[in-house]
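Open the model in your viewer and get ready to select a few pieces in turn. We will go from the whole chain to its interior.

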Amino acid sequence: MRPAASMTSESDCRWLEVSPDYYGRLQQFECAVPSDGFFLGAKKKHGKYYREYQLEVQNTIRGFRKCDPLRQWAHICVSAGSDGNDRILSFVWFGIINGRKTDGDGTYMVGYIARERSARGCRFGDFTLKHALRVMKLDCEQSGRDDAIGARVDPDNQESMALFLRNGFHDTGEDPNEPSYHRLIRFGFDDV
């Protein structure tokens, strides 16, 4: 198998819905980048220091079991590992707030998105977000739902902020319901 740094997201992996077959591998998923030294706001885990938002995402993914199938999707991008087992390269959990897949109500929302540490620098974040947007676009075409898509991102998470902004989202500032996050919004699926 090629190392992650030389992989191309379009040809070396496939998308799957999260299923019990992958729960064990999700528990090993690593997206948080540790630091050897202390920094302001650091959270210590296993002798390493992490940013709080990194641990929130990683812990959510590791503990993930099932989404609400009427309102949400949870997908993983996998590639064949050298041991014959699928290796999880990225994860995205997204859905509809105040609506269901069976109606045209509600607003799309990207909840959690992450790429495995070994896939850093391969644009798997962009690939993963575009996958979620394609799924939402198909749902929008079938349901007639409004084409607004939201996300909530910690403004200190510069990689995620850049990911969403690169992909047509606009930073509307502090989220009034969760002031430690910024609300990002995108309208339409023209470039998806």
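Helices and strands here are DSSP runs, numbered from the N terminus, with at least four residues for a helix and at least two for a strand. Colour this predicted model by secondary structure, and you should find four helices and nine strands. Walking from the N terminus, the elements come in the order β-α-β-β-α-β-β-β-α-β-α-β-β.

Now zoom out to the whole protein. Its C-alpha atoms fill a box of roughly 45 × 40 × 30 Å along the principal axes. A compact globule of 192 residues would have a radius of gyration near 16 Å, and the protein has 17 Å, which agrees. Of the 192 residues, 44% count as buried.

Next, select helix 3, residues 124–143. Its 20 residues should span 28 Å at 1.5 Å a residue, and the end C-alpha atoms are indeed 28 Å apart. Just after helix 3 comes Gly144, with a positive phi near 80°.

Time to look inside. Show the side chains of Tyr108, Val110, Leu129, Met136, Ile149 and Phe164: within the largest nonpolar core, of 22 residues, they touch the most other members. Strand 5 (86–97), strand 6 (107–115), helix 3, strand 7 (148–153) and helix 4 (158–166) each supply at least two residues of this core. Which element gives the most? Helix 3 does, with six residues.

Apart from this core lies another, of 16 residues, including Phe29, Val78, Ile88 and Ala114.

For a last stop, centre on Ile149. Beyond its neighbours within four places in sequence, Ile149 has contacts that include Tyr108, Leu133, Phe169, Leu184 and Phe189.

Note on methods: Residues numbered from 1 in each chain as written. Predicted model: local features only at pLDDT ≥ 70, side-chain atom pairs only at ≥ 80, totals over all residues. Heavy atoms only, no water. Core = buried A, V, L, I, M, F, W, Y, C linked by side-chain atoms within 4.5 Å. Buried < 20%, exposed > 50% of the residue type's maximum accessible area, 1.4 Å probe, protein only. Contact = heavy atoms within 4.5 Å. Expected span 1.5 Å × (residues − 1). Rg over C-alpha atoms; globule rule 2.2 N^0.38 Å.
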